[in-house]
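Good morning, everyone. Please have the sequence and the model open as I talk. Here they are.

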Amino acid sequence: MRTEKLAPDILKQHQAVRETVGFLDLKDRGKIEVTGPDRITFLHAMISNDVTELSELAGRYGTLLTDRGKLVADFFYYKLPETLLIDVSMTLLPVMQETLQKYIIMDEVELTDLSSQWGHFSLQGPRASELVDKLFETSVPDEHYHLKEVNWAGTVVWLIAKPDLFEMGCELIVHDPFRESLKAAVLEAGVGLGLAEISQETRNLLRLEAGIPWFGQDMDGDRYPMEARLESAISLTKGCYLGQEVVSKATHIGGVNKLLMGLKVDQPKVPARDASVFSNEGTPIGVITSAVFSPRFGHPIALAYLKSKFALPGEECRVETGDGESVAAEIVEKFV
């Protein structure tokens, strides 16, 4: 373990998201456009969440799985007029596009990488809606993942209700030629609202406090979505899709052997990634995937895969310190 001392700028950025508004430039997010008359039925048959029942100008969280039910990618998708837009990590975009392309046989569908054509920003914090009103003279949509088309400087900006690092938040997607001018306008308009630009380190801290797993850190191609507890990405009522049989059996019959859980660590040192987790009796029960010192809670928090029978909220466990010792931790579903 290591003792954590957060830099003043990290604390300032963290405070902005908790009390005013934080700005994130989501340069690491890619975009795949899905077009063609069969776009809805095709994507519906590929991914774990529903597409056919999704209303226009709305979106959802989803996963793409292998035929054995393991993760290929997690992403968000939105139904726009005449197109579906997939918002996925740039690192996962190639494998996602390649996998989807492989299954286009008779379908009239076209996949286009539009990552270079869009700028993508996020506003997170209690004053995010105030900033949106100041910029666009409109409000953030009431329902999560719903979109609104707004006009800014003669171009279309997609305004998405998407709180993830705080209870209030939204995202802005704009054509690339307007990326820098919109960013400058957001930063200028946010000066009087206490806006702070959020670094990747602070973003990681905030997403862990929100209990959000990241692909490549807390889940990968060897994991099932149920292990990573991605319930919001899975429809249990839709028909067949890639990996559906495995997901159905795990949900209704056998479950999974491990679950991603939160840990509240009872000392001011941050566990290392891959640190072992033990029961109070000394039985190995899991391993840590991510950990930070949380200024919100005043102690380290972590995500860890635990054997399912030990993944019990409210129970105590032990986390190795790297010096032959261990410290107490509480198992939680969410950090509240």
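I will go through one helix, then a barrel, then two loop residues. Keep in mind that this is a predicted model.

Start with helix α1, residues 8–19. Let's check its length. There are twelve residues, and at 1.5 Å a residue they should span 16 Å. The end C-alpha atoms of α1 are 16 Å apart, so the expected span and the model agree.

Now, which residues of α1 are buried? They are Ile10, Gln13, His14, Ala16 and Val17. Look down the axis of α1. The buried residues fall within an arc of 155 degrees, so they line one face of the helix. Turn the helix around. On the face away from the buried side you find the exposed residues Pro8, Lys12 and Glu19.

What covers the buried residues of α1? The cover includes three strands: β2 at 21–25, β8 at 118–124 and β12 at 195–197. It also includes a helix, α6, at 200–209.

Hold on to α6, please. Helix α6 also lies across two strands, β16 (284–294) and β17 (299–307). Its direction makes an angle of about 125 degrees with β16.

Those two strands take us to the barrel. Six strands close into it. Follow the order with me: β13, β17, β16, β15, β18, β19. The pairing is antiparallel. From one strand to the next, the twist averages 40 degrees.

Where do β13 and β19 sit in the sequence? Strand β13 covers residues 258–265, and strand β19 covers residues 326–332. The two pair in the antiparallel sense, over four bridges. Here is a bridge to find on your screen: Gly262 has Val332 in β19 as its partner.

Last topic: backbone angles. Most residues other than glycine have a negative phi. Here are two residues with a positive value.

Glu82 has a phi near 70 degrees. Where is Glu82 found? It is in the loop between β5 (71–80) and β6 (83–89). Is Glu82 buried or exposed? Its relative accessibility is 62%, and exposed means over 50%, so Glu82 counts as exposed.

Next comes Glu137. Its phi is near 55 degrees, again a positive value in a residue other than glycine. Glu137 lies in the loop between α4 (128–136) and β9 (147–152). With a relative accessible area of 72%, Glu137 is exposed.

That's my tour. Over to you for questions.

Technical notes
Residues numbered from 1 in each chain as written. Predicted model: local features only at pLDDT ≥ 70, side-chain atom pairs only at ≥ 80, totals over all residues. Heavy atoms only, no water. Expected span 1.5 Å × (residues − 1). Buried < 20%, exposed > 50% of the residue type's maximum accessible area, 1.4 Å probe, protein only. Arc of directions from axis to C-beta. Contact = heavy atoms within 4.5 Å. Pairing = 2+ DSSP bridges. Axes fitted to C-alpha atoms, helices over the stretch in contact; angles between N-to-C directions.
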